[in-house]
Amino acid sequence: MKETFLIYKLHFTTPLHLGDARDDYSVSLKSIASDTMYAALTACLAKIGKEIPPDGDLGFTISSLFPFYQKDKESQAIFFFPKPFKKINFILDGLTKPLEKVKDLKKIAWIDLNYFNKVVNNEQIILSHDKVLKNEFLTDKEIEEDFISSQISSRVRVPRDYNVEKDATPFYMDKIYFKDFSGLYFIVDGAVNFLDSALDVLQYEGIGTDRNVGNGLFTYSKAEISLSLPDVSETSYALSLSLFIPESKHQLESMLSGEKIGYDFVRRGGWITTPPFNTYRKNAIYAFTHGSVFSMKMDNNVEKRGKIVDLKPKIEFEQGRVNHPIWRCGKTFLVPVVQ
């Protein structure tokens, strides 16, 4: 069944560094988690004086941000999705070195829209030639294999606490660049008035690390994407396209009850960005990653689950107490998937 979504495409005009949970600056991720983007949008709305709803819900749900390749402004974009945590029915046919290709299949991190539609419907993917794998991307379309490139540069870390005498230490930072008109995109559902206002600010504020020196700037455009989803009556499993924080223990137990579930989770937290609390960390919480597959009987082709939590520390620091919520969005898109 075809389901059409509104998407936002981000075209980056400056380098980008996306940190992981380990704060390893020498490696940059190639995607932006939905909760990171949601927090950035919320901060931008606060800066321009928009009233944030008391529960932190901006009225829309977004997926995480995934790569897309586009040669130029007039070309058709090739959208990629994260490889789901499920068994994929690969059929190797006519390959010159099939054993080597089996090893390469384990490296796949991203699959294009055509293959994603096959995966969620549990259809066979016949690999009949050697050129469907471009590094960690699975696609039979023509793309530049290095459309996301990486450059390592040396930097110096200055202590956050200026009252403590400590030498600056060198480190290395990985910055990524998007070739041609490529970038990252996300799916959205709900009212977009808040979203448009926030993106109008965020595109000049930047996203990721080192925004103060001009990293992570972008322009954006809107488009639509159509997914061929299985009928909800044919499956009892759902695929998450965002980071997911369960609403309750009961919901969690129910979604983890199936035999063919697959998931990963990540610790979410980080530094407080509001002065004068920049040297302190938020509370932390664990969230399921995008691509996770849960046991769930869906009523509709698209459902939204999860909750928004406040990571504001309850303790009082030397500078006082943080007097505003620090929202972390764990609402997710769920689409049906056949196991």
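The following exchange examines how several structural labels are justified in this predicted model.

Colleague: What makes up the secondary structure of the chain?

Modeller: The chain comes to 5 helices and 21 strands. Of its 339 residues, 47% are buried. The accessible surface is about 17,000 Å², and carbon and sulfur atoms hold 49% of that area. Among contacts with a separation of 6 or more, 77% join residues 24 or more positions apart.

Colleague: How do you know that the span of helix 1 agrees with its number of residues?

Modeller: Helix 1 covers residues 34-47, which is 14 residues. At 1.5 Å a residue the expected span is 20 Å, and the end C-alpha atoms lie 20 Å apart, so the two values agree.

Colleague: Which residues of helix 1 are buried, and what phi does G49 take just after the helix?

Modeller: The buried residues of helix 1 are S34, D35, M37, Y38, A40, L41, T42, C44 and L45. Just after helix 1, G49 has a positive phi of about 85 degrees.

Colleague: Why is G262 called buried?

Modeller: The label applies to a relative accessible area under 20%. G262 has a relative accessibility of 11%, and therefore counts as buried. The residue sits in the loop between helix 5 (249-255) and strand 15 (265-268).

Colleague: Which residues does G262 touch, leaving aside those up to four places away in sequence?

Modeller: G262 touches F85, S292 and V293. As for G291, its C-alpha is 8.5 Å from that of G262, although the two residues are 29 apart in sequence.

Colleague: Why are strand 14 and strand 17 said to pair?

Modeller: Pairing requires at least two bridges between two strands. Strand 14 and strand 17 have 3 bridges in the antiparallel sense, so they satisfy the criterion of at least two. Within this pairing, A238 has F294 of strand 17 as its bridge partner. Strand 14 also pairs with strand 21, again antiparallel and over 3 bridges, and there A238 stands opposite P336.

Colleague: What makes strand 14 covered on both faces?

Modeller: In strand 14 (residues 237-240), Y237 and L239 are buried on one side, and A238 and S240 are buried on the other. In general, the side chains of a regular strand alternate between the two faces of the sheet.

Colleague: What is the order of the strands in the open sheet, and which strands are at its edges?

Modeller: The open sheet has 4 strands in the order 17-14-21-18, with antiparallel pairing. Strand 17 (293-295) and strand 18 (303-305) are the edge strands, because each pairs on one side only. From one strand to the next, the twist averages 40 degrees. Strand 18 pairs with strand 21 (residues 332-336) over 3 antiparallel bridges, and K304 stands opposite F333 in strand 21.

Colleague: Why is strand 12 described as mostly covered?

Modeller: Strand 12 spans residues 183-190, and 6 of its 8 residues are buried. Each of those 6 residues has a relative accessible area under 20%, so the description follows.

Colleague: Which residues stand opposite one another where strand 1 and strand 3 meet strand 12?

Modeller: Strand 1 (residues 2-12) pairs with strand 12 in the antiparallel sense over 5 bridges, and Y8 stands opposite F186. Strand 3 (residues 66-69) pairs with strand 12 over 3 antiparallel bridges, and F66 stands opposite Y185. Strand 2 (residues 60-62) is likewise antiparallel to strand 12 over 3 bridges, with V188 as the bridge partner of I62.

Note on methods. Residues numbered from 1 in each chain as written. Predicted model: local features only at pLDDT ≥ 70, side-chain atom pairs only at ≥ 80, totals over all residues. Heavy atoms only, no water. Helix = DSSP H or I, 4+ residues; strand = E, 2+ residues; numbered from the N terminus. Expected span 1.5 Å × (residues − 1). Buried < 20%, exposed > 50% of the residue type's maximum accessible area, 1.4 Å probe, protein only. Axes fitted to C-alpha atoms, helices over the stretch in contact; angles between N-to-C directions. Contact = heavy atoms within 4.5 Å. Areas by Shrake-Rupley, 256 points an atom, 1.4 Å probe, with all protein chains shown as cover.
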